[in-house]
Amino acid sequence: MLTIDLDQSLRDPVSERHLQTVTSVMLKARKTLVITGAGISCSSGIPDFRSADGLYNLVKKQYPKTVLKGKDLFDANLFRDCTTTAVFYTFISELHAQTLKAKPSPTHHFIKMLAERGKLLRCYTQNIDCLEEELGMDTSLVCEKGKVKKDVNVVQLHGSLRKLKCTICSEPYGFLTDYEKVFREGEAPDCPKCELNDVIRVAQGKRKIATGTLRPDIVLYNENHPFGDAIGRIQVSDLQRSPDVLLVMGTSLKVHGLRLLVRKAAKTVHENKRGCVILVNKTPVVGKEWSGVFDYFIEGECDHWCHIVQDALRKVKVQTKLPFKALTPAEIEQQKQKEQQQEKKKKQQELKQSSNKENFVPLHLAKVQKPGTKKRLFSAMAGKRMPERASAAGYIHKAQRTSL
C-alpha cells in the first residue's frame, strides 16, 4: 500500500506524482464502488460517531453523572437500562436537529458528480444523516409496493435518522418536531397506530393490547438489519458487474460487516487488470487483515482530495466540449425541418407496407388447395377471394390474374 500525504503532496514532487496517478485512475474509472463513513460528514457539522467528546457534549449537561462512549450510544444493549435509554433518546433528538441544519459536504457533491457522469456503480454508507438525499440521490431500499429496489444510488447500511418505526408493529413514521421534543426529554412517543387499535378493541369489549413506542429507524451495534438479506443480494449483484475502482472514504473500518464487504470487494476489483482500491481517511487502518487490500492510502481530509479529483474531471469536461460549435437559430430550425421530413417519410413507408400486407395471404393457406381445383381461398387478412399461385416470397398476391 502506497501512502500519499495530502499536506506534503504540494511540497514533495514524488507525492505529487503519485497523487496525479491516483487522479488519473479516477478519470479512467467506469464502475466505481464507493464506501463512506462518518468522516465525510464532519465538515457538514455532524460529529464523528467515534469521537466521544463531540457526541457527549450533546447530552452531558442533562446527564452529568452518566458516562458513555461514542460507540456505546449506538449499541442495542443500552435499552437494558432506563438511564442509558433516556440518554440515547436525548442524544438522538439533538443529533437529528443537527442533521436538519447540516448541508452536504464537498465529498457528497463529488459522489453525486460520479453518479451524474455514469461512473458510480453504487455507494454504501454507514451514515444515518441522509445528506445524500439533499442532493437528490435515491436512498430508499423499498418502493411503495414493498419490494426491494435494485437501482438505488445509496445503500444505507445503518438505516435512516429521518424515519421512526414502532417497536411492536414496525409502522413507519416521519421524524416530526413533536416527536423530537418528546425524545429530548429522554422519553419515547407512543405509536399512534397501536393506540388506535387499542381504543377500537376496548370499544368492542375486547381486552387491551400493548402499545408500542417509536424509535429511530437505525440499526445499532448487536442488532440485525431488517433488510440485511436484500442488501446482501445487492452487494452480490454489484460485485458480479466487475467494478474497476473501490473507493473507501472517511471510515476507520471498525464494523465487522463492513470489513468483510471491503475485503471481498477489493478482491473482486483486483481481478480486473485495471482495478484499483483507494482509501481516503485521516488515519490509516490497523491490522494484518488489510495487507494487500489497498493500493493507495490518501492520508488527509476527504473534502481536500475530492476537490482535487473533481477539478480534474471538470477540466476534462471542458476540453471535450471545445471542438464543438454551438448551432445558430437558423441551423436549429433547419435541423428541425429535416427531422420532420424524415419522420413524414418514415410514416409514409409504414403506411405503404401495411397496405401491401393486406393484399397478401400466407403461403400455408395457399398449399391447402391443390392446383387444378375449382375452389378458391379467402384471404385471412383481407377477406377476399384470392388466386392460387404463390409468389417467390411465400405469399399470393391478389393482383395476379394468371390462371393456374
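Leaving aside neighbours within four places in sequence, which residues is His-158 in contact with? The model I am showing is a predicted one, and I will start from that residue.

With those neighbours left out, His-158 is in contact with Thr-125, Gln-126, Ile-128, Ile-218, Val-219 and Val-255. One of these, Gln-126, also offers its backbone oxygen, and the side chain of His-158 reaches that atom at 3.3 Å. As for location, His-158 sits in the loop between strand 4, residues 154-156, and strand 5, residues 159-166. The reason for picking this residue is an annotation: an unreviewed UniProt entry lists His-158 under "active site".

Next, the sheet. Strand 4 belongs to an open sheet of 7 strands with parallel pairing, and the order is 1-10-9-8-2-3-4. Strand 1, residues 2-5, and strand 4 are at the edges; each has a single partner strand, so one side of each has no neighbour in the sheet. On average, neighbouring strands here are turned by 15° against each other, with direction ignored.

One pairing in detail. Strand 9, residues 276-281, and strand 10, residues 296-299, run parallel and are joined by 4 bridges. Within strand 10, Tyr-296 is the residue that stands opposite Ile-278.

Now the helices that lie across this sheet, of which I will mention two. Helix 2, residues 13-28, lies across strands 1, 2, 8, 9 and 10, and runs at about 105° to strand 1. Helix 9, residues 228-240, lies across strands 2, 3 and 4, at about 145° to strand 3.

Moving on to another residue, Val-182, which is found in helix 7, residues 177-184. Is Val-182 buried, partly exposed or exposed? Its relative accessibility is 27%, so Val-182 counts as partly exposed; the cut-off for buried is under 20%. Leaving aside neighbours within four places in sequence, Val-182 is in contact with Glu-187, Ala-188 and Pro-189. Val-182 and Thr-90 are 92 residues apart in sequence, while their C-alpha atoms are 8.7 Å apart in space.

Last, totals for the chain. The secondary structure comes to 13 helices and 14 strands. Of the 404 residues, 40% are buried. Taking contacts with a separation of 6 or more, 67% are between residues 24 or more positions apart. The protein chain exposes about 24000 Å², and carbon and sulfur atoms supply 51% of that area.

Terms used: Residues numbered from 1 in each chain as written. Predicted model: local features only at pLDDT ≥ 70, side-chain atom pairs only at ≥ 80, totals over all residues. Heavy atoms only, no water. UniProt positions renumbered as here; feature names shortened; annotations may be inferred. Contact = heavy atoms within 4.5 Å. Polar contact = N/O pair within 3.5 Å; in protein donor to acceptor, adjacent residues only side chain to side chain. Pairing = 2+ DSSP bridges. Axes fitted to C-alpha atoms, helices over the stretch in contact; angles between N-to-C directions. Buried < 20%, exposed > 50% of the residue type's maximum accessible area, 1.4 Å probe, protein only. Areas by Shrake-Rupley, 256 points an atom, 1.4 Å probe, with all protein chains shown as cover.
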